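Student: I have just opened a new structure and would like to learn how to read it. Could you walk me through some features?

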Amino acid sequence: MKDNVIVYKETKKILKSCSLEIILKTIISILYRGTLLIVPILWGRAIDLVTLHKYSASYCIILITLIVTTFYYISACLNQIIYYKLYNKMYKKYSGLVYSATIHNSLYSLSRFRIGEFSNVLNNDIDIIVTFISDTIIKIVRILEFLIIFYYFYTIDFMIFIVTVVLCIFMFILLLGSERKTKSLNRNRKYDLDKKMAITHEVFHTIKEIKGFYVFKNVNERIKTICTKYLNANASYNIYTTIIKQFTLGLIEIIRYIVAIYGIYLCSLGKMEIGAILVIYTYYGKVIENYEIIGTLMIGYGDFKVSLHRLNRLLEYRLNMRNDILEEKEYKGNIKFQNVLYGNKKDPILNQVTLKIDCNSITAITGNPGTGKTGVFDLLMKMNRKHEGDILIDGDDYERISNDIYYNLVSIARKDPHFFDLSIKDNLMLVSQNFAKVKKVCEQIGIHDEIMSLKHKYDTQINDTGEKVSNNLRAAVAIARVILKDSKIMMFDEIVSVLDTERQEFVISLLKELSESHTIILITRDNHVLSIADKIITFENNRVKNVRLIQSDI
């Protein structure tokens, strides 16, 4: 499918990296399924020898059958081991691909996804893709079993061969005819599941509003409507696929008994041995099993394509990954915006903005709410794309700086920070593995004593509602993360202003010290915080209104 070019390209890379596991899986699958086809023939031969009173030869055949059966169980275990080696390796690679795509997506692109859809792509769709690929090897081997079965039937009776071939062709046509409707029903089911997942997250995050306005009945009705729609879509999909499957299996079973009766008739004429009837009956069992495999393979392929398409949507909107990446170098942290247009073109967040931020200094950006200040930080963190203009770091186009280098250059603390579901210590040690350094930074910004006063100290779960961590402390911990990262460019989005007076003084003192070797950028309307800036850039109507140096007005 040309619409899924990106995900197919990535899938080829993943398959290539798993080539050893795929080869091993193929070999084991052939041995595993091959033994199952040999066993009925051996049993049939043993029965024929018994009817001829050749008991010693029959014992030998049964002994060989026992050895082959033992090998079957060993190969079945090996098949499962190799399966999960392949499955786990591919699952990790697809998961890494999704997380990487998420990080390199713009906020605007991510806003097109419901949280339920994103969760399903990351969990359900990856599982479908990986399971389909991992299962396909054994399923192809099982489809090839038809050729062996056809050949065996051809050698014993031409009529049985013809009936079996015609039956299998009919089954295949039936499956092809039902594929389009199956795919459509599955797509609808997934879409409704996304909405069901989304409202589950929505209820969890809006519980305060539900209680505050006591709209439980209305919300519950909405939940029931969405849930009912999903259940109906899920039922339609499963009922349709089950009817197609059971109709065909029933037909095969009827033909199986007719062929068995025909085999008995041939035995009565002396044209077939008793053991052959056992093989025919057993092989028709294989036809039934393998039809189910073909059915699940075709249904699975429909699921596979739908899941690939959903994954492709996440991959195709990644921020531009430039090929003309610059060589690694040491950056000072000078920043320049030249005629930058960002946001909705008709109502831009930044409207032809030109500004300069010097390294080794503190620059404050101020202005009324909604004038575009935060847009500067969004672009510097590559949260979204700009439409026009240039953004330069020490004269280099920031899009040409590799992400590994660039994201070590920048860090940010926002007014409403988010933390991982970990302790204070673990959240900070995600940035720096040196706990001594963590404690030192916490002392520098005046929060060490408060953390130590908590029941679990640094091991306090920062998002735990049981031991409430104050908003003031959360803001300070967010600032501590930036200090710990020690990136060349440090950004603080109205977060210094929310600190209490004492803690604010600790942070301001530390920022002044850091500004001797770092680019410090503050978004603030707090006059006290503005007073420490070397340069103040004022925004109005999404443009730079004026720039003021503290030493002299310009």
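Tutor: Let us go through helices, a sheet and the nonpolar cores, bearing in mind that this is a predicted model.

Student: Happy to start with helices. How many residues does α6 have, and how far does it reach?

Tutor: A helix can be judged by setting its end-to-end reach beside the expected span. Helix α6 covers residues 158-205, which is 48 residues, and its first and last C-alpha atoms are 68 Å apart, close to the expected 70 Å.

Student: Where is the kink in α6 centred?

Tutor: Look at E179, where the helix kinks by about 40 degrees. Then go to the start of α6: there a side-chain oxygen of D157 comes to within 3.0 Å of the backbone nitrogen of M159.

Student: Is A198, which lies in α6, buried or exposed?

Tutor: Burial is read from relative accessible area, and under 20% counts as buried. A198 has 14%, so A198 is buried. In space, its C-alpha lies 10.0 Å from that of F113, although the two residues are 85 apart in sequence.

Student: What should I look for in helix α8?

Tutor: Try the reach again. Helix α8, residues 216-268, has 53 residues and reaches 75 Å from first C-alpha to last, close to the expected 78 Å. Just after α8 comes G270, with a positive phi of about 75 degrees.

Student: Now the sheet. In what order do its strands run?

Tutor: To read a sheet, follow the strands from neighbour to neighbour. Here 4 strands make an open, antiparallel sheet, ordered β2-β1-β4-β5. At the edges stand β2 (348-357) and β5 (396-397); each has a single partner strand, so one side of each has no neighbour in the sheet.

Student: Over how many bridges do β4 and β5 pair?

Tutor: Strand β4, residues 388-393, pairs with β5 over 2 bridges, in the antiparallel sense. One bridge to find by eye joins L392 to D397 in β5.

Student: Finally, which residues have the most contacts inside the largest nonpolar core?

Tutor: That core has 44 residues, and those with the most contacts inside it are I479, I483, F492, V496, L511 and L522. Elements giving it two or more residues include β3 (361-367), α16 (501-514) and β8 (519-523). Helix α15 gives the most, with 10 residues.

Student: What does L522 touch?

Tutor: Leaving aside residues up to four places away in sequence, its contacts include I362, I365, F492, V496, L511 and V529. Apart from this core lies another, of 32 residues, among them Y240, M272, A276 and I288.

Technical notes
Residues numbered from 1 in each chain as written. Predicted model: local features only at pLDDT ≥ 70, side-chain atom pairs only at ≥ 80, totals over all residues. Heavy atoms only, no water. Expected span 1.5 Å × (residues − 1). Bend = angle between axes of the 7 residues up to and from the residue. Polar contact = N/O pair within 3.5 Å; in protein donor to acceptor, adjacent residues only side chain to side chain. Core = buried A, V, L, I, M, F, W, Y, C linked by side-chain atoms within 4.5 Å. Buried < 20%, exposed > 50% of the residue type's maximum accessible area, 1.4 Å probe, protein only. Contact = heavy atoms within 4.5 Å. Pairing = 2+ DSSP bridges.
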